[in-house]
Amino acid sequence: MIGLEARLLCVRTLIRMIRSKSYSNLALTKACMDAEHITPQDSALCRRIFRGVLERMLTLDACIEAHSKRKPEKLDLEVLCVLRCGVYELLYLRTPESAVVNLWTEAVKKLKKNSAAGMVNAILRGFIREGKRLPLPQDAIAAMSVQYSVPQPLLTALLADYDTETITAFLADALEVPPIYLRRNPLFAGSEQVLSAAEAVPSIPDAYLLKKRCETAEIPTVIDGKETVPIDPYRSGLISESMALGAAMHIQDLASQLCCMALDPQPGETVLDVCAAPGGKSFTIAELMQDKGTVFAYDLHEKRVGLIRQGAEKLKLSSIQAQIGDARKTEKPQADRILCDVPCSGFGVIRRKPEIRYKSLAESAGLPEIQYAILEASAKALKPGGVLVYSTCTVLKRENEDVVRRFLAAHPEYALEKPWQNLPALAEYGQEMTTLFPQMLGSDGFFIAKMRKLSI
């Protein structure tokens, strides 16, 4: 049956990822690489459905529950994953409805769940018969949870920190294909070398938005000979944010670029990036310094330190010294500027890492203590008059403003500063503590606090 192999690869990878609790991008990439004789078209279809199911899991489960006598969590995992894939394809791809029903009914048989074939067929047909309607609950939070596929506890936490309009726009963006931004290395690339593949971001120097995506960064996919579906390289796991594209540029979201610009490193200075891997911010810091001075880039693990070294070598940046180090303990040299881009819950980047949204809030409850410990330890290495930037890729205030306020209360020698005040187009976004959302500048969700150590 045409198209069955791609769908089987997809659903088997989903099942394996859920059972092993592995990272989606690693599971997907390995599955496609290990698959024998898989065509580019099948690989891209597999990736599209796989990532789409992860992004919309709660939405899909609500649709399944509305047409099933058993709750989704009571179904065998194989059957549940088949139904999720089938409902996703009915809702968001243009595959003929009859083909979707037939293919996923056959898929559940191939997974040795023959007894469930009739149920899968009936649920998918029932969903089609009722107009593929989303069953939105009356309760506003529950309805948002279904519509945007975000667990209610996370929604409640977000709405406690921000207004409904802000969070609605943020979650809607998380269901779209995210933009891909590049950072030009001005030491080795003129703007004309980048503009053939990307367009300049007007308000951010040396930042570029990848254009002509289907030609430069996506794989065209044919579904059943009818539909061309592009696949995003982030969603496919084909590229990572820190990947260096030769010496000319590296891929980096605007938020990370803005974070480095807030640090504002100068040529000849000593800069610490205490949680540096995989290295994207260290690269940008070195470029802003014209590769003059020293950037000490730390990570706990040798393998990740190696990634920093590889990226620096590709970008021909000699000022970066990548070293193993615990941000909470390692003795560090005195520095003019320090970046603390700390481990966090990651809820600002759900458009790139969809499974993050399903993490229990309890899993990140201990992070503020770790974040504060990193901030405390790093501050000891800052020279008087120096700049300390605290940043995260989450939007939860307990990991952001609350940590910074605690630090400032214990350290009156530090004062907040607004970032980017020398750039008029960005000045309005730079508050004393800045939370970025995609609807502002197009970046991921991100937090930045710039502090200066006073000479007292």
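Q: A salt bridge is a side-chain nitrogen of Lys or Arg within 4 Å of a carboxyl oxygen of Asp or Glu; which residues of this predicted model are linked in a network of such bridges?
A: The network of salt bridges links D173, D253, R351, R352 and D444.

Q: How do you know that D173 and R351 form a salt bridge?
A: The closest N and O atoms of D173 and R351 are 3.1 Å apart. The cut-off is within 4 Å, so the pair counts as a salt bridge.

Q: What makes this pair a tie between separate parts of the chain?
A: D173 lies in helix α10 (residues 164–173), while R351 lies in the loop between β11 (335–341) and α17. These parts are 178 residues apart in sequence, so the salt bridge ties them together.

Q: Why is R351 called buried?
A: Buried means under 20% relative accessible area. R351 has 3%, so R351 is buried.

Q: How many salt bridges does the same rule give in total?
A: The count comes to 23 salt bridges.

Q: Why do R19 and E78 count as a salt bridge?
A: Their closest N and O atoms are 3.0 Å apart, and the rule asks for a distance within 4 Å. The pair therefore meets the rule.

Q: What makes R19 and E78 a link between distant parts of the chain?
A: R19 is in helix α1 (residues 4–20) and E78 is in helix α5 (residues 77–92), 59 residues apart.

Q: Are R19 and E78 buried or exposed?
A: R19 has a relative accessibility of 53%; the limit for exposed is over 50%, so R19 counts as exposed. E78 has a relative accessible area of 14%; the limit for buried is under 20%, so E78 is buried.

Q: How do you know that D206 and R184 meet in a salt bridge?
A: The N to O distance between their side chains is 2.5 Å. The rule accepts a pair within 4 Å, so D206 and R184 qualify. D206 lies in the loop between β2 (198–200) and β3 (207–210) and R184 in strand β1 (residues 181–184), so the bridge ties together parts that are 22 residues apart in sequence. R184 is buried, at 13% relative accessible area.

Q: What is notable about the phi of D206?
A: D206 is not a glycine, yet its phi is positive, about 70°. Most residues other than glycine have a negative phi. S149 also has a positive phi, near 55°, and is not a glycine.

Q: Where is S149 found, and why is S149 called buried?
A: S149 is in the loop between α8 (140–148) and α9 (152–161). Its relative accessible area is 0%; buried means under 20%, so S149 is buried.

Q: Which peptide bond is cis?
A: The bond from A277 to P278 is cis, with omega near 5°. Most peptide bonds are trans. P278 is in the loop between β8 (270–273) and α15 (280–288).

Q: What makes R12, R16, K110 and K112 a patch of positive charge?
A: Lys and Arg count as positive, and these four gather on the surface. To be in a patch, a residue needs over 30% relative accessible area and no salt bridge, with like charges joined within 9 Å.

Q: Why is K112 called exposed, while K110 is called partly exposed?
A: Exposed means over 50% relative accessible area, and partly exposed lies between 20% and 50%. K112 is at 74%, so K112 counts as exposed. K110 is at 45%, so K110 is partly exposed. K110 is in helix α6, and K112 is in the loop between α6 (97–110) and α7 (117–129).

Q: Why is S378 called buried?
A: S378 is in helix α17 (residues 367–379). Its relative accessible area is 0%; this falls under 20%, so S378 is buried.

Q: What share of the residues in the protein is buried?
A: Buried residues make up 57% of the 456 residues.

Q: How many helices and strands are there, and why is the protein called as compact as a globular protein of its length?
A: The protein has 20 helices and 15 strands. Its radius of gyration is 24 Å, and the globule rule gives 23 Å for 456 residues; the two values are close, so the protein is as compact as a globular protein of that length. The C-alpha trace spans about 75 × 45 × 40 Å along its principal axes.

Methods:
Residues numbered from 1 in each chain as written. Predicted model: local features only at pLDDT ≥ 70, side-chain atom pairs only at ≥ 80, totals over all residues. Heavy atoms only, no water. Patch = residues over 30% accessible without salt bridge, like charges linked within 9 Å, V, L, I, M, F, W, Y side chains within 5 Å. Areas by Shrake-Rupley, 256 points an atom, 1.4 Å probe, with all protein chains shown as cover. Charge placed at Lys NZ, Arg CZ, Asp CG, Glu CD. Helix = DSSP H or I, 4+ residues; strand = E, 2+ residues; numbered from the N terminus. Buried < 20%, exposed > 50% of the residue type's maximum accessible area, 1.4 Å probe, protein only. Rg over C-alpha atoms; globule rule 2.2 N^0.38 Å.
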